[in-house]
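This briefing covers the sheet, the helices packed on it and the nonpolar cores. Please keep the structure open while reading.

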Amino acid sequence: MLDIKIEKSFKKDIEKDKRSGQYSSKDFAILKSIIALLQDQENIDPKYKRHPLKGKFKDFESIHVKNDWLLIFRVNEQYLSLVMLGKHTQVYKKFK
């Protein structure tokens, strides 16, 4: 089981998404279950489109929690780092 590191940007993103009212408690339950699977290094259902990012973001991965709601994270031998959460436009704008 990996230890979880929660980046400051992820904390801000999740609070913003909770306040927005765009996502239901079911959506947040799905997010929580995906994080638990990642922490336990279990397989993720292909419908969530887990994939590595490219270029200067090659150390990161992305999962589509919903169609346009992405979890950006990094995994190493010891940690699961939760980096960002948001829509495509929000997430990739932060990477620039």
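Contact here means heavy atoms within 4.5 Å. The model is predicted. It has an open sheet of five strands with mixed pairing, and its largest nonpolar core holds 19 residues.

**Sheet**
- The strand order is E1-E5-E4-E3-E2.
- Strand E1 (3-6) and strand E2 (51-52) are at the edges, and each has a single partner strand, so one side of each lacks a neighbour in the sheet.
- E4 and E5 run antiparallel and are joined by six bridges.
- Valine 75 is placed opposite leucine 80 in E5.

**Helices on the sheet**
- H1 lies across E1, E4 and E5, at about 45° to E5.
- H2 lies across E1, E3, E4 and E5, at about 20° to E4.

**Nonpolar cores**
- Within the largest core, the residues that touch the most other members are Leu31, Ile34, Leu38 and Leu71.
- Two or more residues of this core come from each of helix H1 (8-20), helix H2 (25-39), strand E3 (61-66), strand E4 (69-75) and strand E5 (79-86).
- H2 supplies the largest share, five residues.
- Another core, of eight residues, lies apart from this one and includes Leu53, Phe57, Leu70 and Val91.

**Leucine 71**
- Neighbours within four places in sequence aside, leucine 71 is in contact with Phe10, Leu31, Ile34, Ile35, Leu38, Glu61, Ser62, Ile63, Val65, Leu82, Met84 and Leu85.
- Among these contacts, Leu31, Ile34 and Leu38 are also named with Leu71 as touching the most other members of the largest core.

How values were computed:
Residues numbered from 1 in each chain as written. Predicted model: local features only at pLDDT ≥ 70, side-chain atom pairs only at ≥ 80, totals over all residues. Heavy atoms only, no water. Core = buried A, V, L, I, M, F, W, Y, C linked by side-chain atoms within 4.5 Å. Buried < 20%, exposed > 50% of the residue type's maximum accessible area, 1.4 Å probe, protein only. Helix = DSSP H or I, 4+ residues; strand = E, 2+ residues; numbered from the N terminus. Pairing = 2+ DSSP bridges. Axes fitted to C-alpha atoms, helices over the stretch in contact; angles between N-to-C directions.
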